[in-house]
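Colleague: I'm new to this one and keep tripping over the labels people attach to it. Could you show me the model and let me ask how each label is earned?

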Amino acid sequence: STNKSTGSSTRTNTTKKASTQTRTKATTTTRRKRQAMNDQMFEDIMVVVSGAICIFLFLCNFGIVGSFGSAISSFMFGVFGLFAYVAPLFIGGSIVFYNIKRGDYVAIRKFWAIVSLCLALMVIFELFSAGYDDNMKFVLKSIYERCSIGKEGGGIIMGSITYFLYKFLSLVGTILVLGVWIIISLIFLTE
């Protein structure tokens, strides 16, 4: 009689354990689904907010967002130069692209090739607008002010790189570096 009761209690314990494991798995699965939904909702909200910010920054460049917008526009032109007109749209597009193509390494490589081409374009803007000569001095503030006020050039980022390229390689060397830079970027973009 002891064996029967022990056997019965063992079966009951085993059944309880199986039932508990099934509930735990179901709870874990539900929790994972809920977390995945929350993650997706957060990503969607971030895309919408990022898009709104980028549209706001884009509109700032045209002086239709008031004095605060003009100050932001001045800053963006000082940093990005002429590229400031499209930088907000480019950044917004990049955020959406990243969310759509996450994990697609070919698409990400092509994205970075486009970034590289944009940087090369900023160097070209800077070369044409700054009027470089051998006697130019590197003054970060003057690069920023020229780009910010004149809405031209490559901004302080690419203006600095352009200055050092021109200083150490002259115009011919700078154009050669740009040519190689653009060709390599195009190879990555088209492969």
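Modeller: Sure. This is a predicted model, and of the 191 residues of the protein, 25% count as buried.

Colleague: What makes a residue buried here, say Pro-88?

Modeller: The cut-off for buried is under 20% relative accessible area. Pro-88 has a relative accessible area of 1%, so Pro-88 is buried. You'll find Pro-88 in helix H3.

Colleague: Which residues is Pro-88 in contact with, leaving aside neighbours within four places in sequence?

Modeller: Cys-54, Leu-57, Phe-58, Asn-61 and Met-76. As for Leu-59, 29 residues apart from Pro-88 along the chain, the two C-alpha atoms are separated by 9.3 Å.

Colleague: How many helices and strands does the protein have?

Modeller: There are 6 helices and 0 strands. Read from the N terminus on, the elements go α-α-α-α-α-α. And if you take the contacts with a separation of 6 or more, 67% of them are between residues 24 or more positions apart.

Colleague: Okay, on to the helices. Why is H2 called oblique to H5?

Modeller: Their axes come within 7 Å and cross at roughly 125°. An angle from 65 to 115 degrees would be roughly perpendicular and one over 145 roughly antiparallel. Roughly 125° fits neither label, and it isn't under 35 degrees either, so H2 is oblique to H5. The crossing is right-handed.

Colleague: Which residues meet there, H2 against H5?

Modeller: On the H2 side, Ser-74, Phe-75, Phe-77, Gly-78 and Val-79; on the H5 side, Tyr-144, Cys-147 and Ser-148. Sorted by type, the residues of that contact are 5 nonpolar, 3 polar and no charged.

Colleague: What about H5 and H6: how do you know that they are oblique to each other?

Modeller: The reasoning runs along similar lines. The axes of H5 and H6 come within 9 Å and cross at roughly 125°. That angle lies between the 115 and 145 degree limits, so H5 and H6 are oblique to each other. H5 passes H6 in a right-handed crossing. Leu-140, Ile-143, Tyr-144 and Cys-147 of H5 make the contact with Gly-155, Ile-156, Gly-159 and Ser-160 of H6. The residues of this contact divide into 5 nonpolar, 3 polar and no charged.

Colleague: Now the rings. How many aromatic pairs are there?

Modeller: The count comes to 13 aromatic pairs, with ring centres within 6.5 Å as the rule.

Colleague: What makes Phe-58 and Phe-62 an edge-to-face pair?

Modeller: Two values. The rings are 5.1 Å centre to centre, with 70° between the planes. The distance is within 6.5 Å and the angle is over 60 degrees, so Phe-58 and Phe-62 are a pair and an edge-to-face one. Phe-58 has 23% relative accessibility and counts as partly exposed; Phe-62 is partly exposed too, at 44%.

Colleague: And why is the pair of Phe-138 and Tyr-163 called tilted?

Modeller: The planes of Phe-138 and Tyr-163 are 40° apart, and the centres 5.2 Å. Stacked would need under 30 degrees and edge-to-face over 60, so this pair is tilted. The pair links distant parts of the chain: Phe-138 sits in the loop between helix H4 and helix H5, and Tyr-163 is in helix H6, 25 residues apart.

Colleague: Are those two rings buried or exposed?

Modeller: Tyr-163 counts as buried, because its 7% is under the 20% cut-off. Phe-138 is at 33%, between 20% and 50%, so Phe-138 counts as partly exposed. There's also an aromatic cluster, formed by Phe-83, Phe-90, Phe-97, Phe-111 and Trp-112.

Colleague: Last one: what is the phi of Lys-151?

Modeller: About 50°, a positive value although Lys-151 is not a glycine. Most residues other than glycine have a negative phi, which is why a positive one gets a mention. Lys-151 lies in the loop between H5 and H6 and, at 34% relative accessibility, counts as partly exposed. Ser-170 in helix H6 also has a positive phi, near 60°.

Colleague: Where is Leu-82, then, and which residues does Leu-82 contact?

Modeller: Leu-82 is in the loop between H2 and helix H3. Beyond its neighbours within four places in sequence, Leu-82 is in contact with Phe-77, Phe-125, Lys-151, Glu-152 and Gly-153. The C-alpha atoms of Leu-82 and Glu-152 are separated by 4.6 Å, although the two are 70 residues apart along the chain.

Note on methods
Residues are numbered from 1 along each chain as its sequence is written. This is a predicted model: local features need pLDDT of at least 70, side-chain atom pairs count only at pLDDT 80 or more; totals for chains, interfaces and linings use all residues. Side-chain values use heavy atoms; hydrogens and water are left out. Rings of Phe, Tyr and Trp (its six-membered ring) pair if their centres lie within 6.5 Å; planes under 30 degrees apart count as stacked, over 60 as edge-to-face and the rest as tilted. Buried means under 20% relative accessible area, exposed over 50%, partly exposed in between (1.4 Å probe, protein chains only). Helices (H or I, at least four residues) and strands (E, at least two) are DSSP runs, numbered from the N terminus. Axes are lines fitted to C-alpha atoms, for helices over the stretch in contact, and angles run from 0 to 180 degrees between N-to-C directions. A crossing is left-handed if the near helix is turned anticlockwise from the far one by less than a right angle, and right-handed if clockwise. Contact means heavy atoms within 4.5 Å. Ala, Val, Leu, Ile, Met, Phe, Trp, Tyr, Cys and Pro count as nonpolar, Asp, Glu, Lys and Arg as charged, and the others, Gly among them, as polar.
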